[in-house]
Amino acid sequence: MKSTLKEEGDGVQDINGQHRATEKQLVTPRTSSVASGYSLLRDPRHNKGLAFTEKERDAHHLRGLLPPAVATQQLQEKRLMQNIRQYQLPLQKFIAMIELQERNERLFYKLLIENVTELLPIVYTPTVGEACQKYGSIFRRPQGLYISLKEKGKIVEVLKNWPQKSIQVIVVTDGERILGLGDLGCQGMGISVGKLSLYAALGGVRPSACLPIAIDVGTNNEKLLNDEFYIGLKQRRATGKEYYDLLHEFMMAVKQNYGEKVLIQFEDFANHNAFELLAKYRTSHLVFNDDIQGTASVVLAGVVSALKLIGGTLADHTFLFLGAGEAGTGIAELIAYEVSRQTNVPIEETRKKIWLVDSKGLIVRSRKDSLPHFKKPWAHEHQPVKDLLSAVKAIKPTVLIGSSGVGRTFTKEVVEAMSSINQKPLIMALSNPTSQSECTAEEAYTWSKGRAIFASGSPFEPFKYKGKTFVPGQANNAYIFPGFGLGILISGAVRVHDDMLLAAAEALAAQVSKENYDKGMIYPPFSSIRKISAHIAANVAAKAYELGLATRRPRPADLVKYAESSMYSPVY
């Protein structure tokens, strides 16, 4: 879907209405029409720079405001990629991309879609982590809404300050656990902005329907509290009733302002709040936690896909996790749920082949009384084991998954132990950014003598070992959440069900080709991500219809084609 601009007096109007508010709500001038001339060149949604044609320059009073040359979008793209490639530091490239987004939105998305393999690590992990750490220093103009404790009691009014009224997807963070970097306060806004860029570029959700939000309840990061450039509240984090009251007001305000069918993605909340919020609102709101559910879906897809290389069914394998937080327990639960579904065995039984190690060692029954509620289902009968290497030797897993947020924890001894137990050990080092990865691709392939099937959370370059080139898979949530979100939107789903996460994982695994498997890949290449997202969206939508959660009628006959036709196009 691309915006059509029509000459209308002294302005440009969006005739297909895609950037307009609903009829029942007030329409701000900015959302209904676009000023011409000088102002048009400063409106990122409609600015085309040198690509304005001669006719458009006359119609919109642009004569003299642009150099005489007329460029195509392709030429603009070529020039910008040349410029971006000249920067040495990823953060410089990140800043250049953000500046482009603020200047010419369609060109930003065109660039990202056409060069996704190269630019994804710039606008998303790992570079977005560094950008969040330095957000106060590189801050130029606000993107998204900041809702702090100062706005308590006024959140509905704050939401109305946002110029776009027809919002379909919100990504919200409280910044307490950004990637593996910890508490970054309201500088976590970088994550909300980055994720929504991917909803638009990879999933085809209209940028004008996306709203990034940072909830600022303070920060416990001493460095930020003492930083003169910090842009958030300089106070310790609110907790307990004060925290949950603000979040509840926010959730109610979103539903009041945008209706039942706005997807709210919780992003990078600390474990204790993430599980609580998901459990509290999943029955009353359309909510999704990417750290728990998105990660689980993308990892399950990788494991299902890897079965073609390591053999057996999902139920045949034994899983060992390092890390028992949101990601680890979320992945473990979805795997157990899928095995239960496939075998008709109760989930209480299927959990028994899945073991978790946290900072205190293997989670076992003797520790149950001291465990938080989300770890209790994984406390199996076994003598205490203090470290990961001992756990590998005791449990003899076929699959090792790292979600600890602690770098270099899959040591040479751990990988060698996995390789002595398995002909083809599946090793997934999922922690982000790259510096927090449990091991590198080179280490996994070298220490396993080229036998490991490896995937990571952040990207690693292909690695040559004894004449064979291995292409490491990237278990990147960006495979799942954009297509998942699109599937929810095209079906008009009102709730997220775990079976929809399984549907997304199934669709992703089905996109891996024989050619990919031959290179040791368990995920398809990102270069075809829009096609992948359309298939995921179709599968998720089909499941929503099957479960009776879809409201869009009649159901489209061909959901893949419908998903593709619904995607935002950034072409001028």
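How many cavities of 30 Å³ or more does the count come to? In this predicted model, the count comes to 4. The largest cavity has a volume of about 170 Å³, and 13 residues line it. Nearest the centre of this cavity sit Phe-94, Ile-98, Tyr-135, Ile-138 and Gln-143. Three elements, α4, α8 (135–138) and α10, each give two or more residues to the lining, and α4 tops the list with 4 residues. Sorted by class, the cavity lining comes out at 7 nonpolar, 3 polar and 3 charged residues.

Next come the open sites. The largest pocket has a volume of about 800 Å³. Its lining runs to 39 residues, and those closest to the pocket centre are Arg-177, Ser-403, Ser-404, Gly-405 and Ser-431. At least two lining residues come from each of α14 (290–310), α15 (326–343) and β10 (354–358), with α14 giving the most, at 3 residues. By class, the lining of the largest pocket splits into 18 polar, 11 nonpolar and 10 charged residues.

The second largest pocket has a volume of about 620 Å³. Here 24 residues make up the lining, and Arg-45, Glu-105, Gln-143, Gly-144 and Trp-162 lie closest to the centre. Gln-143 also turned up among the residues nearest the centre of the largest cavity. Elements giving two or more residues to the lining of the second largest pocket are α4 (90–103), α5 (105–114), α10 (189–203) and β6 (210–216). Of these, α10 gives the most, with 4 residues. The class split for the second largest pocket is 11 nonpolar, 7 charged and 6 polar residues.

As for packing, the largest nonpolar core takes in 118 residues. Tyr-199, Ile-401, Met-428, Phe-484 and Tyr-523 are the ones that touch the most other members of that core. Take Met-428: with residues up to four places away in sequence left out, its list of partners includes Val-299, Gly-302 and Val-303, then Leu-400, Ile-401 and Gly-402, and further along the chain Ala-455, Ala-475, Ile-522 and Tyr-523. Two of those partners, Ile-401 and Tyr-523, are themselves among the core residues that touch the most other members. There is also a second, separate core of 37 residues, with Leu-145, Leu-159, Leu-246 and Phe-269 among them.

On the annotation side, UniProt lists a "Malic enzyme N-terminal" domain at residues 101–282, in an unreviewed entry. That span is 48% helix and 11% strand, and its end C-alpha atoms lie 33 Å apart. The UniProt entry, again unreviewed, also places a "Malic enzyme NAD-binding" domain at residues 292–545. Over residues 292–545, helix accounts for 44% and strand for 12%, and the end C-alpha atoms are 24 Å apart.

One loop residue rounds things off. Gly-311 is found between α14 and β9 (319–322). Why does Gly-311 count as partly exposed? The relative accessibility of Gly-311 is 27%, and the partly exposed class runs between the buried limit of under 20% and the exposed limit of over 50%. Setting aside neighbours within four places in sequence, Gly-311 is in contact with Ala-306 and His-317. Lys-424 is 113 residues away from Gly-311 along the chain, yet the C-alpha atoms of these two residues are separated by 9.2 Å.

Methods
Residues are numbered from 1 along each chain as its sequence is written. This is a predicted model: local features need pLDDT of at least 70, side-chain atom pairs count only at pLDDT 80 or more; totals for chains, interfaces and linings use all residues. Side-chain values use heavy atoms; hydrogens and water are left out. On a 1 Å grid over the protein atoms alone, a cavity is a set of points where a 1.4 Å probe fits but cannot get out, and a pocket is an open set with protein on both sides within 12 Å along at least five of seven lines; lining residues have an atom within 4 Å of a point. Grid points are joined across faces, edges and corners, and a volume is the space filled by probe spheres set on the points. Ala, Val, Leu, Ile, Met, Phe, Trp, Tyr, Cys and Pro count as nonpolar, Asp, Glu, Lys and Arg as charged, and the others, Gly among them, as polar. A nonpolar core is a set of buried Ala, Val, Leu, Ile, Met, Phe, Trp, Tyr and Cys residues joined through side-chain atoms within 4.5 Å. Buried means under 20% relative accessible area, exposed over 50%, partly exposed in between (1.4 Å probe, protein chains only). Contact means heavy atoms within 4.5 Å. UniProt positions are given in the numbering used here, feature names are shortened, and annotations may be inferred rather than shown by experiment.
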